[in-house]
2 protein chains.
Amino acid sequence: MARIPVAERRRTLVDAAIRVVARDGVAGTTTRAVVAEAGMSLASLHYAFASREELLDAVIADVTEQERRAAEDGLLPLVNSTGPAPAMVDVIRAGLDRFLDLLVADPLRERALLELILHALRTPGHEAVLAAQHATYQRAAQSSLETAALASRSRWRVPVPTAARLLVTLTDGLTMAWLADRDTAAARVTVVFAAQALAALAEPLDPTTTPSGDDLDQDSQEPGPC
Amino acid sequence: MARIPVAERRRTLVDAAIRVVARDGVAGTTTRAVVAEAGMSLASLHYAFASREELLDAVIADVTEQERRAAEDGLLPLVNSTGPAPAMVDVIRAGLDRFLDLLVADPLRERALLELILHALRTPGHEAVLAAQHATYQRAAQSSLETAALASRSRWRVPVPTAARLLVTLTDGLTMAWLADRDTAAARVTVVFAAQALAALAEPLDPTTTPSGDDLDQDSQEPGPC
DNA sequence: GTCTATAAAGTGATAGAC
DNA sequence: GTCTATCACTTTATAGAC
């Protein structure tokens, strides 16, 4: 077959492995399944990667980087907006709703990432890639919150890393809960309260601006599964 | 060997399987590993359970029931307390702190439960046990919140199922975040804000009672990993 | 009912031809 | 560099002796 640079081989294999993990889970991501998806021989995988675990490390790093870019892209519309400053709670709610959109549109991807993280949590030798994943998320959450403060002309009343950890906690929890019950309407309601909880940790720079959230006393009953 | 009732065999096998899942993960829970832990032969497992998957179903149901009982027991101290009614935020914070205590004391158990849920999410035919698990959690969260309202002489301003879903989201997120970074001090801070977020959805029955939370402007910096 | 032994089908990794 | 063929091992499940 054609002589392919090892860097390109790695890319092809990582992309194929991501599809296999999403479809069959980590346990189903055998070396044979990956090379079948990538359309190459088993030996080529072991030429590009020393072992299956090394391939999985590369997959985790790649998926994490993709998520980080998605978060970054989600912030661009905010910094470029003109008009009057929106309330912090609305900025956060819009961001969380966009996150939920991604989850609903591609649940296999998020489930795959959770599986990969749990796998790395249990397997010795994956500490480095796991720490990198966590640091990337924390940083993405921090810059999201800092951008949100700029857009809403607010300041954080708690250290940004503290608020960022709450944001990560909320997105992780939203993901787990939605994957478990697939109740998108209920998740939207949870997003509203999550946004209020985060926005309560910030205050407007200009005291005359009155921050307004949604009505707490809404009579929305728990909707059934979609 | 001794002739053992099949019900007892099943109990022994499920208990052994729970230990193996906690130690080696779902992928490491092979039929051989379980029978070695239980001290019986491979054929005895297949006499009690038709397949490995059927055993895993029983494990998920058992662990879920144990968690439900733990949540129930955690509520008993609340309803029996005399003295003046504590503030809702303090009741919830105490409950979340107790949850965090359990997580820190036995992280392998929570990690195992997450792995089992993800496994059930991916494997066809496990929908029933997964739905049961989710319903159990939602019910436990609801009765926890109702008990908290009683103890703090408050009422919920939103439907209890809605608040319960936020509680489940927060505990799931707390678990994932702590498992990822093992930063107990940061998790305690997250608990404070999570409790405030939930307490904001309730109001005291007696208007003269002033609900008091913690100071939001505390200068706690993000602590390093433990 | 309980066991040993084994079947049948995987797995990760590598040797060696080209 | 890339391939086929294969090693060495593990897996679930079952057959058949007792």
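This is a short tour of a predicted model, taking in the meeting of chains A and B and then the surface around DNA strand D.

**Stop 1: the two chains together**

Start by showing chain A and chain B in two colours. Where they touch, chain B puts in 46 residues and chain A puts in 45. How big is the area buried between chain B and chain A? It comes to about 4300 Å², and carbon and sulfur atoms give 66% of that.

**Stop 2: a salt bridge**

Now pick Arg165(A) and Asp181(B) and show their side chains. These two form a salt bridge, with the closest N and O atoms 2.9 Å apart. Across this interface there are four salt bridges, going by the rule used here. The interface of chain B and chain A also has eight residue pairs in polar contact, counting pairs with both residues at pLDDT 80 or more.

**Stop 3: chain B's side of the contact**

Hide chain A for a moment and look at the side of chain B that touches it. Which elements give two or more residues here? Select helix H6 (107–122), helix H7 (127–151), helix H8 (160–181) and helix H9 (184–199) of chain B, and you have them. Of these, colour H8(B) brightly: with 15 residues, H8(B) gives the most to this side. If you colour chain B's side by class instead, you'll find 24 nonpolar residues, ten polar ones and twelve charged ones.

**Stop 4: around DNA strand D**

Bring chain A back and select DNA strand D. It has 17 residues around it, and the closest are Ile4(A), Arg9(A), Ser44(A), Thr31(B) and Arg32(B). As for the strand itself, sugar and phosphate make up 58% of its atoms that come within 4 Å of the protein.

**Stop 5: phosphate oxygens**

Zoom in on a few individual spots along the strand:

- Ile4(A): a polar backbone atom of this residue is 2.4 Å from a phosphate oxygen of DNA strand D.
- Ser41(A): here a polar side-chain atom lies 3.0 Å from a phosphate oxygen of the strand.
- Arg52(B): a polar backbone atom is 3.0 Å from a phosphate oxygen of DNA strand D.

Next, select the elements that give two or more residues to the surface near DNA strand D: helix H3 (42–48) of chain A, plus helix H2 (31–38) and helix H3 (42–48) of chain B. H3(A) gives the most, with three residues.

To finish, colour the surface near DNA strand D by class: six residues are nonpolar, six are polar and five are charged.

Definitions and conventions. Residues are numbered from 1 along each chain as its sequence is written. Chains are lettered from A and ligands numbered from 1 in the order in which they are written. This is a predicted model: local features need pLDDT of at least 70, side-chain atom pairs count only at pLDDT 80 or more; totals for chains, interfaces and linings use all residues. Side-chain values use heavy atoms; hydrogens and water are left out. Contact means heavy atoms within 4.5 Å. Buried area is the accessible area (1.4 Å probe) that two parts lose on being put together, summed over both. A polar contact is a pair of N or O atoms within 3.5 Å; within protein, one must be able to donate a hydrogen and the other to accept it, and residues adjacent in sequence count only if both atoms are side-chain atoms. Helices (H or I, at least four residues) and strands (E, at least two) are DSSP runs, numbered from the N terminus. Ala, Val, Leu, Ile, Met, Phe, Trp, Tyr, Cys and Pro count as nonpolar, Asp, Glu, Lys and Arg as charged, and the others, Gly among them, as polar. A residue is near a molecule or strand if one of its heavy atoms lies within 4 Å of it.
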